[in-house]
Amino acid sequence: MNDRQSIFDAVYKEGSATTPENPEDVRPQHETQMPEGTLYLPVFYDTLKTLAQTVEVDYYLPGCPPEAERIWAAIEAIVAGKLPPRGSVLGLHTTVCDECKRTRHEKKIKKFYRTWQIIPDEETCLLEQGLLCCGIATRAGCGALCPAVNSPCIGCHGGNDGVEDYGARLQSAVASVIDSNDADEIERIIADGIPDPVGTFYRFSLAGSLLRRSKRD
Ligand code: SF4
Ligand code: SF4
């Protein structure tokens, strides 16, 4: 994982893809003095934090964005004075798979596909067809919107109750459906079909995960 220095080097260093010329190695500054006054840019922190790592969060509403039904349910709970303990997720407690109408069989995956590589059939579980659908590890509440339109769930509702690390939970679920006991074959299946595992498994949850930036010399 990258820190501020490596990101700035990749973007602003002379000769980089985005900044072919920067002989004075100008980098973004928080404050810049101009004749008109002081200009400010937001501080680019070295580490990305979750909201809960920064302020105390009263309640979480899952979804990106939360569906109208979830917002309405939260309003009803507030009005009725029936909010759960502070810090709770105001959502359902099952998974997207539980809401999904696709037919399911025993999952045995020999190959993963990117979404642009196949057109899946509209009845069968997308994961069984080799599309990495995150519904198996993702909190319900959307009505399985994405699988309903032939697109795999990407996990925007986050993990279910008791899941400390969503990406690890998803990896565990995916690992259990790969149809091989051979370490080399498993490695090839993952490398061929999931070229960006961190981006795939931690799309919405990296900052809150157990992963930390790799140590540098
Ligand atoms: S398509 Fe996705 S959400 Fe639906 S059953 Fe399969 S894994 Fe679960
Ligand atoms: S199917 Fe998954 S990605 Fe799509 S809205 Fe529901 S939780 Fe979010």
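Start by selecting alanine 73, which counts as partly exposed at 29% relative accessibility. Partly exposed covers values between the buried limit of 20% and the exposed limit of 50%, so the 29% of alanine 73 falls in that range. The model on screen is a predicted one.

Keep alanine 73 selected and show its surroundings. This residue sits in helix 2, residues 68-79. Now add leucine 90, which lies 17 residues from alanine 73 along the chain. A distance drawn between the two C-alpha atoms should read 8.1 Å.

**The whole chain**

Zoom out and colour by secondary structure. The chain has 7 helices and 2 strands. Followed from the N terminus, the order of elements is α-β-β-α-α-α-α-α-α. Along the principal axes, the C-alpha trace spans about 65 × 55 × 30 Å. The radius of gyration is 22 Å, whereas a compact globule of 217 residues would have one near 17 Å.

Switch to a surface. About 14300 Å² of the chain is exposed, and carbon and sulfur atoms supply 55% of that area. Of the 217 residues, 33% are buried. Among contacts with a separation of 6 or more, 56% are between residues 24 or more positions apart. For the charges, select the 23 positive and 32 negative ones: their mean positions are 4 Å apart.

**Before the strands: aspartate 25**

Return to the cartoon and select aspartate 25, in the loop between helix 1 (4-12) and strand 1. Most residues other than glycine have a negative phi, and most peptide bonds are trans. Aspartate 25 is not a glycine, yet its phi is positive, at about 50°. The relative accessible area of aspartate 25 is 38%, which makes this residue partly exposed.

**The hairpin**

Next select residues 31-34, strand 1, together with residues 37-40, strand 2. The two strands pair in the antiparallel sense, over 4 bridges. What joins strand 1 to strand 2? The link is a hairpin, and it runs through 2 residues. To check the register, pick threonine 32 and look across to strand 2, where leucine 39 stands opposite. With side chains displayed, keep in mind that in a regular strand they alternate between the two faces of the sheet.

**After the strands: proline 65**

Follow the chain out of strand 2 and stop at proline 65, in the loop that leads from strand 2 to helix 2. Show the backbone of cysteine 64 as well. The peptide bond from cysteine 64 to proline 65 is cis, and its omega is near 0°.

**The loop after helix 3**

Move on to glutamine 129, in the loop between helix 3 (96-99) and helix 4 (145-148). Is glutamine 129 buried or exposed? Its relative accessible area is 17%, so glutamine 129 is buried; the limit for that class is under 20%. To see what surrounds glutamine 129, leave aside its neighbours within four places in sequence and select Arg102, Tyr113, Ile118, Pro120, Asp121 and Thr124, with which it is in contact.

**Last stop: asparagine 150**

Finish with asparagine 150, in the loop between helix 4 and helix 5 (166-175). Asparagine 150 has a positive phi of about 70° although it is not a glycine. For a closing view, display it together with aspartate 25, whose phi is positive at about 50°.

Technical notes. Residues numbered from 1 in each chain as written. Chains lettered and ligands numbered in written order. Predicted model: local features only at pLDDT ≥ 70, side-chain atom pairs only at ≥ 80, totals over all residues. Heavy atoms only, no water. Rg over C-alpha atoms; globule rule 2.2 N^0.38 Å. Buried < 20%, exposed > 50% of the residue type's maximum accessible area, 1.4 Å probe, protein only. Contact = heavy atoms within 4.5 Å. Areas by Shrake-Rupley, 256 points an atom, 1.4 Å probe, with all protein chains shown as cover. Lys, Arg positive; Asp, Glu negative; His and termini not counted. Charge placed at Lys NZ, Arg CZ, Asp CG, Glu CD. Pairing = 2+ DSSP bridges.
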